[in-house]
Number of protein chains: 2
Amino acid sequence: MGKDAEDIWSDDVAQLLRVSEGFILSGVDPTGTPGYAHGKKQGAKDLATGAAELDEYQDRLFARSRVDATHSSVLLVLQAMDTAGKGGIIRHVVGSVDPQGVKITAFKKPTPTELKHDFLWRIEKALPEAGQIGVFDRSQYEDVLVAKVRELAPPEEIERRYGAINDFEQELTENGTHVLKVMLHISYEEQRARLMERLDRPDKHWKFNPGDVDERSLWPHYMSAYQTVFERTSTDHAPWYVVPADHKWYARLAVQTLLLRTFAAVDPHWPVADYDIATERARLAAT
Amino acid sequence: MGKDAEDIWSDDVAQLLRVSEGFILSGVDPTGTPGYAHGKKQGAKDLATGAAELDEYQDRLFARSRVDATHSSVLLVLQAMDTAGKGGIIRHVVGSVDPQGVKITAFKKPTPTELKHDFLWRIEKALPEAGQIGVFDRSQYEDVLVAKVRELAPPEEIERRYGAINDFEQELTENGTHVLKVMLHISYEEQRARLMERLDRPDKHWKFNPGDVDERSLWPHYMSAYQTVFERTSTDHAPWYVVPADHKWYARLAVQTLLLRTFAAVDPHWPVADYDIATERARLAAT
C-alpha cells in the first residue's frame, strides 16, 4: 500500500511542502504544483486511486484499534484563508473514507461558554476516537491567528498559546494520535476570483458575506500571523505543511498523499482472531 | 429533483415498505425486492444516480438552514439484527453525501454514566444539527428490543418507553427534524451465511464475536420484540419502514429512495442573497 500514490510524484512531496528551518511563507507560490509533473486530468485519476487506498487504510486502523490502542487515530488540522478550499478537501479527500470512520469538527467563533474556558477546552472535546480520522476545519490555530490579527487577546496570552499548543500536540502524539497540520495557501487574487464566483452563482450567494470583502484588507496581517505560527509551532512531532491551493486539484491530491504517508507510517494490520475459527464454524453451522 | 429516483420503481416503494395497521413482520420476505423489477446491476446504476441527487439535497438543506430553521434536519434511524447491513447503508448511501453534512452516532451498550440517566438522554445529545442528515446506528429502540429480550429493565419500564419514544419523536418532528425509521430485515439463514463469511475472511475476523452465535438462539424473541415495536411506535409523524435486506443492493437502493422522498417533501431551496449583489461585486473588484 502507498506505493502507487508515491509513484505519481516526481519528488518527495512531503519534504517539498513541509515547513522547516528558514521557511518563508511569502516565498511559496500559491499557483505552483510542487513535485507533480502532470496536469489536472491525471490529477483527478490519481486522486481516485488514492481514494480507495485511503479508505482501506482507515478500515484497517479502525479494526486495529479494537485490539490495540497504540497508533490509534489520525488528526488532520486544516487552516486557510476563506475560500482556500478546506470544504473541498473534506468532501473530495476525506469523503472517500467510510463516514463512520471520520469525525469532522468545524470551529467557528467561540461561543460564550467556550470563551469561559481555556482555548484548548473545545479542541479537546473534538478529538477523534480510536480508529478514526479526525478533521479540524479551523482549529486551535484560530486562537493565534484571528485572535492575534484582531487583537482578541492580549499579546502575552497569544505568546503563551504557542507553547500551550506545542505541549498539547506533543501529548496527543504520545497518546497515539498522528497530527497532520496543513495550511492551504491561496493567493490574494485567487480569493477575489472565488468570492466573485460566489456573487455570480445563485446557488453560492448564501456563502457570501459582505464582511468577507472587508476582511481582505487584513490579508498582510494574516500572512504575517501565519508566518509566526509556522516558526513557533512546526515541530518534529507535528510539523506544518503548506500546500499551494490556487489549483484545487493539486491541493486535494497533495493532502491525500500526506494522509496516505501518515497511514503508511502507521501501517495498521488486520487483527488476528482471538477465538478458534474451526470451533466457531462448527458452532455456527449447528444453528 | 427526485423524479429520476421515482421512475425506477414499478410501484410506490414507500407505501410498500411502510408499516401500517395490521402489519406482520413474519409476513415480510427478507429475500424480496418489492417495487423493483430490475436486478443487482441496474440497482447499482440507479444507486449512483440517486447518490448525486441526495448530495445536492443535503447541500440545499444545509444552505437553507442558515436562513430558516424550519425543516432543518433529517434523522435516519437504523435498526437491524447483526450483519443485516447497517454499516453498508451508511457507507454506500449516506457516504455519497458531503461528510460535513452528516452526523453518525453508533449506540453501543450503555455506559455506566448513560445508565444513570433516562434512556433518551444519550439520544438527545446525538441529534443532528440544522442542515444535517443524522444517522443513528442502533437507537432509542435498543431500549425496547435488547432491553426487553434480555430483561434489562422491568416490564413496566419497557411499557413506559414506547410512549416516551412516541412523545420524543413527535417533539422532534414538530421542531423540524424529519424522522425516517428503517428496520433492515434479514433472514435467519442469511445471518448465518454472513457470519460464516466473517470466519472465512481474515480481514473480517475482527468483526466476529463468539457471542454472535449464542445470540442467534434468541432470534424468535427479537422478532417478537420488533413486532411489538412496530405496533406501538409506527406513528403518522414517524412511521417505520421494513426493508428486505437479504439482497444488500436492494436494501441500499430502497433506503436511498426513502431518504430522497423525505427530502423531496422538504424540497429545500437555495437562500436568496440578503445583500446587494452589484454593490458587493464593485466593492470586491476594488480590492
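Okay, let's start right at the contact between the chains: helix α13 of chain A, residues 277–285, and helix α9 of chain B, residues 188–200, have axes that come within 10 Å and cross at roughly 170 degrees. Angles over 145 degrees count as roughly antiparallel, so that is what we call α13(A) relative to α9(B). And before I go on, keep in mind that this is a predicted model.

So who touches whom here? On the chain A side, α13(A) brings A:Ile277, A:Glu280, A:Arg281, A:Leu284 and A:Ala285. Facing them from α9(B) are B:Arg192, B:Leu195, B:Met196, B:Leu199 and B:Asp200. Sort the residues of that contact by type and you get six nonpolar, four charged and no polar ones.

Two of those charged residues pair up. B:Asp200 makes a salt bridge with A:Arg281, with the closest N and O atoms 3.1 Å apart. That pair runs between chains, from helix α9 of chain B over to helix α13 of chain A. Right next in sequence to A:Leu284, we also have A:Arg283, whose side chain meets that of B:Asp214 in a salt bridge, at 2.2 Å from N to O.

How many salt bridges does the rule find across the interface of chain A and chain B? Ten. For the whole structure, over all chains, the search comes back with 46.

Now let's zoom out to the full interface. Here 40 residues of chain A are in contact with 40 residues of chain B. The area buried between the two chains is about 3900 Å², and carbon and sulfur atoms give 63% of that. Which three residues supply more of chain A's buried area than any other three? Those are A:Arg91, A:Trp206 and A:Leu284, with 19% of what chain A buries against chain B. You've met A:Leu284 already, in the contact of α13(A) with α9(B).

Last stop, a helix pair inside chain A. Helix α8, residues 155–174, packs against helix α11, residues 219–233, at an angle of about 50 degrees, with the axes 10 Å apart. With that angle, α8(A) is oblique to α11(A). The crossing is right-handed.

As for the contact itself, α8(A) puts in A:Glu159, A:Tyr162, A:Asn166 and A:Glu169, and they meet A:Thr228, A:Val229, A:Arg232 and A:Thr233 of α11(A). By type, that makes two nonpolar, three polar and three charged residues.

That's my tour, thanks.

Terms used:
Residues numbered from 1 in each chain as written. Chains lettered and ligands numbered in written order. Predicted model: local features only at pLDDT ≥ 70, side-chain atom pairs only at ≥ 80, totals over all residues. Heavy atoms only, no water. Axes fitted to C-alpha atoms, helices over the stretch in contact; angles between N-to-C directions. Helix = DSSP H or I, 4+ residues; strand = E, 2+ residues; numbered from the N terminus. Parallel < 35°, antiparallel > 145°, perpendicular 65-115°, else oblique. Left-handed = near helix turned anticlockwise from the far one by under 90°. Contact = heavy atoms within 4.5 Å. Nonpolar A, V, L, I, M, F, W, Y, C, P; charged D, E, K, R; others polar. Buried area = accessible area lost by both parts, 1.4 Å probe. Salt bridge = Lys/Arg side-chain N within 4 Å of Asp/Glu carboxyl O.
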